[in-house]
Every structure is written in structure tokens, then in C-alpha cells.
Amino acid sequence: MKAIRILVAACVLFAWQASPAHGAVAAGPAPGDGAVLGNDISWPQCGGGLPAPPAFALVGVNGGRPDTVNPCLSAQLAWADRTSDAAAGTPAAVYVNTAATGPVESLWWPAGNTYLGTDVGNPYGLCDGTASPACAYVHGYAMAFNDVVILKDAGDGAVRRVWWLDVETGNSWLWDKAANAAELEGMAAYLESTGAEVGIYSTAYQFGEIAGGVTPGTNLSGLRSWLAGAESTSTAQELCGAAPLTPGGMVALTQFTDGDLDYNYRCPAAPPPAAPLPPPPPEPAPLDAYAEMHAAQIS
């Protein structure tokens, strides 16, 4: 078998220039034009202060890598569900880390089209244990399955939330962009099977480096985009005019960092999703989580 080449960004463990810091959190920006902002938070905020619940919020499920757990998930979801959106009936959204490692030592990688005894319908054919699109699709499906179980274990299994796939070069990816795209397709497929709405968080550059040009007609086409890279409220508003990450999609949110927190602007053409119905609870599954590692955040 040929050696598997994995694309790993430099300084994965400590290069979180835009990573929210621990400790007290300032009140944040007060845009003079009255723009309504939200916050996204995750494991870096564990043990630190949080601002008053904003208009809307997004909470990270993982601890920086797929199949890890944000240790403050329950508490942060409780904070996020005191936002204005939540009070109006729309629960806070969540986001999950993504990666495609291939069959490397110590990390689980599929060797067939099943996960925990369940057959996975695979548009790429049979997974044979290699770093192929077929196996990446099954791996993504499994990671999303585990993410839903993590949320259920946090006491949140009865709430249907919007799920965002966090796609960054700070995690490990294969050189085969088609396989990386298949990883994301597998994740979206499982989440959509629960009735959830799915979107993608990234920058145009990073998404292109990882997944390349997504083919119209896949389940990534038409998904909403959450774009990082703005520097202020005004540039976040301008970023709403950028191209979406996948064909047929739309830019729904844009992100910038101010002080210790990430702030998000909801683009005018993207109203909040309708209040969801509760989903059927997912079947419980054992989690063989990876050792928790720090994540490089999008700057």
C-alpha cells in the first residue's frame, strides 16, 4: 500500500491567532449602525466569563478535533439558549470539527460500508479501508453520528438545531480533495437524515484547499455558508456579498474577532431558520474518542 499523504497545517497545536481566550470577557463591540450580532463559543471559553446572551449564538460540540468533546458543552448550550433567537423559539446552532485522516495508526478509519452494525448507503461504492472517497464518506457519516450522540449525552438530544461543519486547514486532511469532499458529504448525509439543517463554516481559500470545487448535485450544493475572515462589523457586512462556499448556496453568516470573542453577523438575505420540531432521538453509541487536542482557529 502506498504511503498516505496527509495535509496538516503548520503549528496546529498553538496557532490560534483568532482563538477566544480564557478569563474575563469584555462587553464587545457596539456597532454604531445598530447591526445585530451573535457570538460563537466552545472549549476555549471553559472556565472564563461570558457576555450577556446576545441575539443569537453558536456552540462548538467538540474539543478541537472530531470525536472529542467540549467539556463545557452543557453549560454553554444553556447560556446560548438564553439568546433572543432562543426566546423566540429558535434554538442556538452548533458546530462540529471536521477532518479526513485516512488509515493512520491510533485513529479509527472504516474498512467497509458499515458503522456500529448499521449499513451506510455510499454513493462512492464499497469502502476497502484505503484513503478513498468511499471510505472518507463512511468516516464522515460516523463522525457526525458520534457528534449527535455527544449532544444527546450533554442532555440535548431532543432539540433540533442547525449544524455547521467547521472546515479548517488546522485539522488533518488528505491530499485527495475528492476524498475530503466525500468526508463532508458523509457528515452532511447523516445530519440531514436526522432532519437537521446543515451549513459550512470556512473561508473560500481554506475550503478550496481542502475540498476543491464541489460538484453541483452533491448534498453539499445549496448549503448555507458561514464565512470567517472579516475584521469588524462593517467588513462582516461587506463579506455577505462574497460567493458562497458551494454551488447554489448562500452566505448566511460572517465572522470577525474583537477582543476575546468571535462575533457573527447575520446577512440580511438569510433570515433565521424556522423554529424546529423535535427530532427522533438517535440510538446511543459508544464513543472511542480521540485524545483531546487544541485546534487552530480561522483568523
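## A β-α-β unit to start from

Strand β9, helix α5 (residues 204-211) and strand β10 together form a right-handed β-α-β unit. The two strands of this unit, β9 and β10, pair in the parallel sense, with 4 bridges between them. If you would like a residue pair to look for, take Tyr201, whose bridge partner in β10 is Trp226. Please keep in mind as you explore that this is a predicted model.

Strand β10 covers residues 224-227, and its side chains take two sides: Arg224 and Trp226 point one way, while Ser225 and Leu227 point the other way. Are these four residues buried or exposed? All are buried.

## The barrel around it

Where do these strands belong in the wider fold? A barrel is closed by 8 strands, and their order is β2-β3-β4-β7-β9-β10-β11-β12, with mixed pairing. From one strand to the next, the twist averages 25 degrees. As general background, the strands of a sheet pair through backbone hydrogen bonds, in either a parallel or an antiparallel way.

Going on from β10, the next strand in that order is β11. Strand β11 spans residues 250-258 and runs parallel to β10, the two being joined by 4 bridges. Here Ser225 has Val251 of β11 as its bridge partner.

## Strand β12 and its two partners

Strands β11 and β12 pair in the antiparallel sense over 6 bridges. They form a hairpin with 2 residues between the strands, and in this hairpin Gly259 takes a positive phi near 65 degrees.

On the other side of the pairing scheme, strand β2 (residues 37-41) and strand β12 (residues 261-266) are antiparallel, with 4 bridges. Tyr265 is a handy landmark in β12: Thr254 stands opposite Tyr265, and Leu37 stands opposite Tyr265 as well. Of the 6 residues in β12, 5 are buried, so this strand is largely enclosed by the rest of the structure.

## Helices α4 and α5

Helix α4 (residues 177-193) packs on the sheet, where it touches β4 (93-97), β7 (163-166) and β9 (198-202). The direction of α4 makes about 165 degrees with that of β7.

Helix α4 also meets helix α5: their axes come within 6 Å and cross at roughly 110 degrees. The two helices are therefore roughly perpendicular to each other. On the α4 side, the contact is made by Lys177, Asn180, Ala181 and Leu184. On the α5 side, the residues are Phe207, Gly208, Glu209, Ile210 and Ala211.

## A look at Thr114

Thr114 sits in strand β5 (residues 114-115). How accessible is Thr114? Its relative accessible area is 40%, so Thr114 counts as partly exposed.

Leaving aside residues up to four places away in sequence, Thr114 touches Asp119, Val120 and Val138. Val138 lies 24 residues from Thr114 along the chain, and the C-alpha atoms of the two are separated by 7.5 Å.

## How far to trust the model

Across the protein chain the mean pLDDT is 83, and 78% of the residues reach 70 or more. Two stretches call for care. Over residues 1-27 the pLDDT stays under 50, and the model has 65 contacts beyond four places in sequence for them. Residues 275-299 also have a pLDDT below 50, with 81 contacts in the model beyond near neighbours in sequence. Where pLDDT is low, the predicted coordinates should not be read in detail.

Methods. Residues numbered from 1 in each chain as written. Predicted model: local features only at pLDDT ≥ 70, side-chain atom pairs only at ≥ 80, totals over all residues. Heavy atoms only, no water. Pairing = 2+ DSSP bridges. Axes fitted to C-alpha atoms, helices over the stretch in contact; angles between N-to-C directions. Contact = heavy atoms within 4.5 Å. pLDDT = per-residue confidence, 0-100. Buried < 20%, exposed > 50% of the residue type's maximum accessible area, 1.4 Å probe, protein only. Right-handed = clockwise from strand over helix to strand, strands pointing away. Parallel < 35°, antiparallel > 145°, perpendicular 65-115°, else oblique.
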